[in-house]
Amino acid sequence: MHSHEAHAQNISNMVQLLLALPFFITLILYILAVIISNQHKKQWPHFRTICWIIGSACALITLIGPLATLSHIHFDAHMIGHLLLGMLAPLLMALAAPMTLLLRTLPVNKARVLSRLLKNPYVRFIRHPIIASILNVGGLWLLYTTSLFNLMHEHILLYVFIHLHIFLAGYLFTIAFIYFDPTPHSYSYVFRSLTLVAALAAHAILAKFIYANPPHHVPATEAELGAKIMYYGGDAIEILLVYILFYQWFKSTRNTIHSKTATSSR
């Protein structure tokens, strides 16, 4: 019995390390890129580096350690992980502008290859605000309203896939609405704002649905607490996302007005 429990714990530790490894690697690579970039060009903003470090830490806290272990047992712990991995970490890492840093660091020929990849039709498709919303919020509806949530805890590969999807879909969702990196295929502020409002409403409705209809095998008290964490914690992060989008909109409008004023005065 003890041997079986020890084996299960070893597998759990291996899965945690497997999920955490990409974030360890990208954290180190980002810091190295900052060091290399600063040697040849102007200093990379400290704010962006801090955002990447904190964003990586949010993801790592979710994927390895006590919170990762508790999320297997308690739905409220799982939901804290959802907020950190699927919402806060992607937002902070988007603010860190990793593609801009990579383009600064790479040799010119490789930077051109990366620029062409960013203009790829597939990249344009998944970065469309509606598609990104479906992948992100739609994926959450699928996870919490079907048997997928329970299956995730029974099958290792599915567990790994879903957690990677939660982060990647959250990151795609974030960069579909706020632009800090090069964006070859941009969309209007009006369209992005309307789409964002609809996506955030779908996220809030899902939280209320979970409150009233707990996932299979999740106790009602845990589901209610988890739904509250999702609803109110999600609101806090979403307010920050909306603020950034509207601030960028304001800056764009102000720059347009200044440009028109300067042109007319000549």
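**A tour of the cavities**

Let's begin inside: the largest cavity holds about 150 Å³ of space. Keep in mind as you click around that this is a predicted model.

**Stop 1: the middle of the largest cavity.** Select M87, N136, F173, E238 and L241 and show their side chains. Of the 16 residues in the lining, these sit closest to the cavity's centre.

**Stop 2: the helices around it.** Now colour helix 4 (75-95), helix 8 (129-145), helix 10 (156-177), helix 11 (189-212) and helix 12 (220-264); each of these gives two or more residues to the lining of the largest cavity. Which element makes up the largest share of that lining? It's helix 4, with four residues.

**Stop 3: colour by class.** What kinds of residue line the largest cavity? You'll find nine nonpolar residues, six polar ones and one charged one.

**Stop 4: the second largest cavity.** Time to move on to a space of about 80 Å³. To see what lines the second largest cavity, select T62, L67, S71, A77, H78, G81, H82, L85, H153, Y159, H163 and I166. Keep helix 4 and helix 10 coloured, since each supplies at least two residues of this lining. Helix 4 gives the most here, with five residues.

Try colouring by class again. The lining of the second largest cavity has five nonpolar and seven polar residues, and no charged ones.

**Last stop: zoom out.** How many cavities of 30 Å³ or more does a search of the whole structure find? Three turn up, and you've now been to the largest, with its 16 lining residues, and the second largest, at about 80 Å³.

Technical notes:
Residues numbered from 1 in each chain as written. Predicted model: local features only at pLDDT ≥ 70, side-chain atom pairs only at ≥ 80, totals over all residues. Heavy atoms only, no water. 1 Å grid on protein atoms, 1.4 Å probe; cavity = no way out; pocket = protein on both sides within 12 Å on 5 of 7 lines; lining within 4 Å. Points joined across faces, edges and corners; volume = space filled by probe spheres on them. Nonpolar A, V, L, I, M, F, W, Y, C, P; charged D, E, K, R; others polar.
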